[in-house]
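User: Please take a close look at one part of this model, the backbone at its turns, and start with a single loop residue. Then connect that part to the rest of the chain. Keep it brisk, as I am in my first year.

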Amino acid sequence: MTPRPTEPDEASGGAASPAADASQTPPADSIRAPLPRHTPLWALLSGWLGGLEVWLRSHGGRGLRRGIRVFWAAIAAVGVWLLVGPVVNAPLTLEQITSSASNATETWIARKFTADYRIDRDEHGRLQAQVEERIEAFFPDDVEETGIQRVLATEYQGHDLDPSGISVTLDAEPVEVRQQRDATTLTLTIDAGEVLDGDHEFVLRYHLQDLAYLAVDEATGAETDLLQWDVFGPSWPQGFSGLEMRVSIPDDLDDALIRPPRGNLQWLLVGGGEWLEPEADSEPGWNTYVAENDQNIPPHANAWFTLRFDAGTFAMPPHTTWFFVQTFGPLLPLALLVAAVLFAFAARGVAWADARGKPWFIARHDPPDVTPRIAAHVLGAPRAAELAEELDRLPWRRGSDKAVQAQRRVAARAAGRAGRLRDLPRAMWRYWFGSERRQVVDDRIRRVPRGFVRDAFLAGPPAIMLVQWGLVRQLAHHEKLTIVWWPTAFVLVSTVLATIIVWIAATSRPLTRRGALLKQHLLGVGVYAERTQLLDRGPSNDPALAYGVLVEDPRSAGRRVAALLEAELDDPTASRTPRAEGARGRARWLLLAASVLLVPAAITMISVVPNPLDHRPATPAYDQDLSGTLWTTVHSADIVGELTRADDGRAVIDVTERYDVEFDDSSSRVPQFAMHWRDRVDGQSLGLRVSSVEVDGEVVPFATESAEGVTLMHTRMDGIRSGAAEVVVRYELESAAVAAPASGAAAGDGTPVDRVRWAALMDGWTSAGLWRDPDTHDFAPTRVEFRIDEGLLASATESGWITRDFSDADAEARDWPEAVIPFGDVETTIRQDLYAYPVEERAEPSADPPTFAVSIEDGESGAPLALHVDDLGVRLDFPAGTFAGPDVDRMRQAGALVVLPFAVAAALEAIALAIGLVGAVAGWRRRRFAFRPGAFRDLLTWTAPSALLAACIVFFWILGDTAGDDPVIPALGWPLLAGVATWITALVLTRRGRAPV
């Protein structure tokens, strides 16, 4: 890629050239030099880079090189501007929109805006729209304007709208239109040629196409053809006092409508809409839908109509080029960096590869005339460089026995460290930042590649990275069009890729011809050492040994030389103190790794373990968070469940729920009904399965989803329903019995029981918006009936309605244990309260099957606490083994998961507190172990702060929405504060200035 300059040692009088080497006859014991084998991809990419380098060199010199650098600097400047400069085409802010309302009279005002759309299909099935806009404009006397501007969209949802057939009349007279087109809009300037005042009528006629696009219907989840169009277009900075939207479609398109069209008008958060009915005076064969408004609306409003058709109603056009630019353009910098990484590796492996030496080399005993550190840079062997250096210091012929023995011990320790993982950071630091790295370049053993392409690798990736950062920041203010948009990942990946490319280009130091010959010399020494078993037999002061260890695997060479030196010293422990002063041993590395992993482990735990204090799961149906359920109201409920034993021995509850529901069609979404139930108790599945949902006797589609022990059912009706309807939901609990700890009198022996706990309605139902009348705010009258097999009832050790034991007046509500009101005792229980409640219980234990029911209505005092303090339902305990399905192991696992967060937080706090206390005491007494590098210092500087941070994360996660008087706060909070205080104290007392002399 970069033409390599001729080195002095390659000229005449120096080493022979490769061509001359090839013509020589190799000795009989020579070894053929391995030839580099590049992959076809690397060779191809490197060839392209080489060709580009040659072409650039042939077309310019320093001027072109400076120009390329300026180009990349300009790209970087663009990235910085995108990153810190103003947002391009920023959406209007709330302040800008609201301020425009106060300035509405400073320009012309639309007394009325009428938009008439005539929708049809052409012979290819593509949507065609003929549009007429009638604008009744009023120009105040103090406004000097000669016309209006109208902005039309030219691209929508990736479709080319191709506005055409544009004509305009002003007060029924044709006028010229000046058109200005950009990437996605067409601006029409209608100029009367004179200042306008008073009332004038502008009529615009034009043609659009392909307004519909594929979209998933949120009501049904099915794919549909959606026509949702804002008649004001991309920009409407005028106020108006009247609006009329008319949409006409032929009968065949009307038959393809999934539901009636809808018209909407909105300004900021204020808006409304209505479902539209066809006009009675529609043209034969056509259906016209009209939406009107006669209120004054400030500038920058939105008015749109929505028509949803069956999928395939319209033929969809191909996406425009600009769509792909908008969709994938933000990822282009990332793609360029990925490609640049491949080219950089190809350049490193081929174009910037080492120069060729001789075709062969021979085994040699004489070491080269370079230091072992230089030899390590030639061979790329940093991990054995220290061992080679220490062996080279052994005197070959003379030297006092004491000095030789001392150096042998130093070399033995270096041999014990060589190739070990704990020695890697120190070895790599010395290799990369030692003076020898520069010396090999100065001595022309290695070279720094030069050229246009290397400059591009150094300057281009940072510039592209800045552009990627800037695009991420800019798109944070706009609607995302990319298929996948993970801004944080894109920033991290682009940064990593740019760093890799720059690192490759900046650190490439290929061997010169001289360096290649030197490498072959060292390989020859390695062959000699292997043939003579020099690393095993020695002697250790053989000059070739220092270079032979560089050719071998560093760990293997270290072990072999260590054994040799221990034998010469007659000391089998000579290499057993391999750490240099301050170096970390295996135990310290493990301690450091464990400390670093404490915080990720804590984060992982809180992401997979349920919060032990979050006793109330999410209630999306009650909260009416699902699409179309906000205005749905339950007026009465009748829920019947029957417990039987299946053939396989499992407890089964068949449930039928009947609701009198009122659907409200005032929302822009299709009215739906939703309900949820518990599907898991103590970690054991109840096998909940919804079998059917009916609305006024009609079976309707529905979907279910399960999360956090709750199954949510929501209908997927596609039609608009309004008014009262009967909803019938049927579901089964196919494994209703679970293992649970015994309660009451049987709790003492700790024996689990088979528990059937059926929550007909989950806690919070009386205050749910779904259950509350929007006018009176009373909750809906509710009746729950439970039937049970007579034999099962007789075997139950405890049975009744779910409640809480709040007899302890001093206990907090959160600490009230779950209990039951025995069947037949409801009215007796609630009479103990001071208020009268409209509650009626019916208990028929002798019926076939035994039946128990409770009816609740809203009264002056609401619902009795005994029946709404927890779920509304029944609980029955049976002797263990009554049913198949209960899992004691899962029950115990669930209990352990409840305790786990508390135990983890307490353990982390105890670790930090213990380390802090020991450190503070040792620092006060100035104990040496607290000041010098070692395991305790690692505990103090790494483990303690990591444990405190992890404990903070778990502590605040546990608290969540917990009340301020919860005993968990002081129980875990005070030890946490104590741990922080003692740790800081220990750091102060063990600072370097207080270290003992």
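Analyst: D682 is partly exposed, because its relative accessible area of 35% falls between the cut-offs of 20% and 50%. This is a predicted model, so each value here is computed from predicted coordinates. D682 sits in a loop, with β23 (680–681) on one side and β24 (684–685) on the other. Look at its backbone. Phi of D682 is near 50°, which is positive, and D682 is not a glycine. Most residues other than glycine have a negative phi.

Now turn to E708. Its loop links β27 (702–707) to β28 (710–715). Phi of E708 is near 55°, again a positive value in a residue other than glycine. Is E708 buried or exposed? E708 is exposed, because its relative accessible area is 64% and the cut-off is over 50%.

A further positive phi comes just after helix α18, where D570 has a value of about 55°. Follow the chain back into that helix. Helix α18 covers residues 554–569, 16 residues in total. From first C-alpha to last, α18 reaches 22 Å, close to the 22 Å expected at 1.5 Å a residue. Which residues of α18 are buried? They are P554, R555, A557, G558, V561, A562, L564, L565, E566 and L569. Several helices help to cover them, including α9 (385–392), α10 (401–417), α16 (534–537) and α17 (545–551).

Two of those covering helices, α16 and α17, lead to another backbone feature. The loop between α16 and α17 holds P539. A cis peptide bond joins G538 to P539, with omega at about 5°. A second cis bond lies further along the chain, between D848 and P849, where omega is about 0°. P849 is in the loop between β35 (839–844) and β36 (851–856). Most peptide bonds are trans.

Go back to α9, which also helps to cover α18. Helix α9 has a partner in α8 (residues 372–379): their axes come within 8 Å and cross at roughly 150°. That angle makes α8 roughly antiparallel to α9, because the cut-off is over 145 degrees. The contact uses P372, R373 and A376 from α8. From α9 it uses A385, E386, A388, E389 and D392. The crossing of α8 and α9 is right-handed.

For contrast with the loops, take a residue inside a strand. G147 belongs to β4 (residues 145–153). G147 counts as buried because its relative accessibility is 11%, and the cut-off is under 20%. What does G147 touch beyond its neighbours within four places in sequence? Its contacts are W108, F139, I190, D191 and L196. Take I190 from that list. I190 and G147 are 43 residues apart in sequence, yet their C-alpha atoms are 5.4 Å apart in space.

How far can you trust these details? The mean pLDDT of the protein chain is 86, and 91% of its residues reach 70 or more. Confidence is highest in strand β25 (residues 688–695), at a mean of 96. It is lowest in helix α1 (residues 18–23), at a mean of 52. Over residues 1–16, pLDDT stays under 50. The model has 30 contacts beyond four places in sequence for residues 1–16. Where pLDDT is low, the predicted coordinates should not be read in detail.

How values were computed: Residues are numbered from 1 along each chain as its sequence is written. This is a predicted model: local features need pLDDT of at least 70, side-chain atom pairs count only at pLDDT 80 or more; totals for chains, interfaces and linings use all residues. Side-chain values use heavy atoms; hydrogens and water are left out. pLDDT is the predictor's confidence in each residue, from 0 to 100. Helices (H or I, at least four residues) and strands (E, at least two) are DSSP runs, numbered from the N terminus. Contact means heavy atoms within 4.5 Å. The expected span of a helix is 1.5 Å times one less than its number of residues. Buried means under 20% relative accessible area, exposed over 50%, partly exposed in between (1.4 Å probe, protein chains only). Axes are lines fitted to C-alpha atoms, for helices over the stretch in contact, and angles run from 0 to 180 degrees between N-to-C directions. Angles under 35 degrees count as roughly parallel, over 145 as roughly antiparallel, 65 to 115 as roughly perpendicular and the rest as oblique. A crossing is left-handed if the near helix is turned anticlockwise from the far one by less than a right angle, and right-handed if clockwise.
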